[in-house]
Each structure stands twice: as C-alpha cells, then as structure tokens.
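Okay, thanks everyone, let's get going. I'll put the model up and then talk through a couple of spots in it.

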Amino acid sequence: MGQAEPVQLETDDAVDVDDAELVARAQSDPSAFGALYRKYVGRIYAFAHRRTWTREAAEDVTAATFERAYRHLDRFDAEGAGFGPWLYRIAANELVDHYRREGRSRSTRGQRALRALADEHTHDDLDGVERDGEIQQMLTALDTLRPRYQQALTLRYLSGLSADEAAEAMGCTKPVLAVTLHRALGALRREVERRDFPVEEAS
Amino acid sequence: MTTRRDVRTLLEEAGTHDVPAPRPEFVAALEARLLGDTVPFAAPTPITAAPSRIRTRSWIARHALVGIAASIAAVVLAGALAGWFGQDATQRRLQLAASHDTLVVLPDGSQVDGTKGLDLPEGTVVKTGPNGHATIGPVDLGPGQVATVTAGRLQISVTVPSLPPVTVPTVTTPTVPALPIG
C-alpha cells in the first residue's frame, strides 16, 4: 500500500466541465456519462481501496457504484448535493453491501490483509507494517457497525470529502453529521476495545 | 485504553493512504460495459440493430398475414361461387351481352329492342332477325333464332321460313258405271 503511486483523480478533459451539465447531457447522450466516469473513476476506486485494501474488492465496488449511478442517473437531484457527493454516497452504500454480502470471517480477512501487507513491505519498514495492521484491524471492526455509522465514517474520513460535502452525501445537515460521527467513533472505539486490538495513542 | 481520538486518527491515516491506481484494463472494460449498456437512456432499440434477424421475423409476419388474408378471401370467394352455382337455376339472372337486330319479348308481353346488358327474366323470349345475332352468356344466337328463358336456361328454336303455297291440280275422276253383280 505505502509504495503505490497516488491515484490520478481526474482526467484533463473533464476537469473544467460542470458536473450538473454533464449529468443533464447524459440523460440523452450516454457519452456524457463517459466524461463523468473518467472524472471520478480514480477517486471512487481510491475510496473503495482505502476501505477494502484489496484490488479485487475495490474494483467490484467501483464497478457496482458506476453501474448503479448510471442506472439511476435520473434520480440525481442537481439542486441538491453535487454529483461527487452523490456518487460517494452510492459507493459508501456499495461498501456496506459488499461486506454484508461477503460474509467472510473478519479474523480471516484481517489475517489475509496482514499477510498482504507483510509481502509488500521490506523488513526495514516494520513500523509501517505494524501501523498498517492497526488500520486494517480498525477497518475490520468498522465492518461490524450499523450501516449509517459505516457510511458516516467512510464518507468523512476515507473519501476526502469535506464536512459539508459529506453531510450532503449523507443527506443530512452538518450538525447532524457531527453527532452521527461522534456516536460512530464511540461505537468503533468500543468495538476495537472489545476485540482487544492494539490501538496505540496517536502521537 | 482506546479513545475516540485514537480511532479517528487511524481513520484519517487510512483516508490519506496512498493507493494504487486502478488498472487501465479495468477502467477501460468498465467504461465499455457502461457505455455499451444504453438501456437507461436510449430510445427503444432501432430495428436496424439486428437487421437480418428482425427482417426475417418481419418477413415471416408479413407473409403470414398475407397468407391469412388470402385464405380468408379464398373461403369467401368459394362460398360465393358455391352459393351462386348452388342456388335454384330459376334465380339466376341472364343478361344480353351483345345483340344486333334482336327483339326481346318480356314476360309481360312488352317488346323492346335488344341492348347490351338487358336483363332477361324468366319467360323472356329473344328473337333475332334475318340478319341479327345475340349473345346470352356463353350462347350465341344466329340469324332467325328464338331463345326462351325457361327455368334459368335458354331453349333455342329455329324459325322455319314459310314455304310458297303448293298448287295441287284438280283431278277429275271418271265415273265408272256400276257393274252388275252376279
């Protein structure tokens, strides 16, 4: 993970095009959706990868996100949140569904992720391996939270959205999001402690 | 002891973690799959989308309809013909198809010149003159013929020209005296 190159978030030809305009055009011109896709596919993939830590799962979630967005593009409200937050919300829901469907053992998932991390890191980067392991364990605990808490935490901390954008993606106000995040962090902390994961004090 | 700050810090680190770029083949394949699926936006699939298959179906449908229509028409026509031929001969209508120098005597005794298309009801008599002719259905009447419509059929007779009177010479039979008997 740590050695990989940062994701190219958007393509040059789509940066200056307004999302709402592209969405409006995409209603009758599917090629316009192609511009939206190229603009956001890197971001959504990165979001999914930060949550799942596996390429396969990130690809599955990314594909499911854009397929659902494409099918339900007519439901996008241009007057509401922007296309980006709307897309992230879909991705967050897909992540919840992904783990719900997967139904695999969380301990197995954690062990597999740790093995993958150990393979990627050199022996002189053991601190990084340990920290990545803590993150992975925390994300494993995140899987057990109620869907709304998962959505709030992933949208706020893993997507790169601002607090306002995350609130829009959640379909709530910023104060409501703050309260939800507070409760979600408390639930996550309790789950981490219950599992007795070695979470250290942040420096 | 774990605090909210601890898990939040881990979350923030996870959110800034570098991740590998998506595989170009995955990005391309997904885009192709998305844009190839035009169901949500496209109008109904144009007929030209699969010309041979659709044309075949259209051809079958069109010819099936033509066949059905032809069958119905054949049945109707057969019924009509059967009805016409099956009806009582007296109910058939005969017409004068062509005529020249022809006199038609209608059942009520009135006489009219024969004209094309004239109906010939039961009991009508058609007479052609010495130089006339008439056509009634498949029958051609020559000069000097008479046809009578009877029971839906034509009864044809020939008019025999009148012969000059024959003079028979008077023969006087001589009187023969009675002979004595015995």
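**A strand and its partners, then the interface**

So, starting in chain B: B:Val126 stands opposite B:Ala147 in strand S6(B). Keep in mind that what you're looking at is a predicted model. That pair belongs to an antiparallel match, with three bridges joining S4(B), residues 125-136, to S6(B), residues 145-150.

S4(B) also pairs with S1(B), residues 94-105, in the antiparallel sense, and there we get eight bridges. Look for B:Ser99, which sits opposite B:Ala134 of S4(B). B:Ala134 also stands opposite B:Leu141 in S5(B). S5(B) covers residues 139-141 and pairs antiparallel with S4(B) over three bridges. What links S4(B) and S5(B)? They form a hairpin with two residues between them, and B:Gly137 in that turn has a positive phi of about 60°.

Okay, over to where the chains meet. Here 29 residues of chain B contact 45 residues of chain A. On the chain B side, the elements giving two or more residues are helices H1 (4-16) and H2 (24-36). H1(B) gives the most, with twelve residues. By type, that side of chain B splits into 15 nonpolar, six polar and eight charged.

Now zoom in on H1(B) and H7(A), which is residues 147-158: their axes come within 8 Å and cross at roughly 60°. So H7(A) is oblique to H1(B). From H7(A) the contact uses A:Leu153, A:Tyr157 and A:Leu158, and from H1(B) it uses B:Leu11, B:Glu12, B:Ala14 and B:Gly15. That's five nonpolar residues, one polar and one charged.

Key:
Residues numbered from 1 in each chain as written. Chains lettered and ligands numbered in written order. Predicted model: local features only at pLDDT ≥ 70, side-chain atom pairs only at ≥ 80, totals over all residues. Contact = placed C-beta atoms within 7 Å. Helix = DSSP H or I, 4+ residues; strand = E, 2+ residues; numbered from the N terminus. Nonpolar A, V, L, I, M, F, W, Y, C, P; charged D, E, K, R; others polar. Axes fitted to C-alpha atoms, helices over the stretch in contact; angles between N-to-C directions. Parallel < 35°, antiparallel > 145°, perpendicular 65-115°, else oblique. Pairing = 2+ DSSP bridges.
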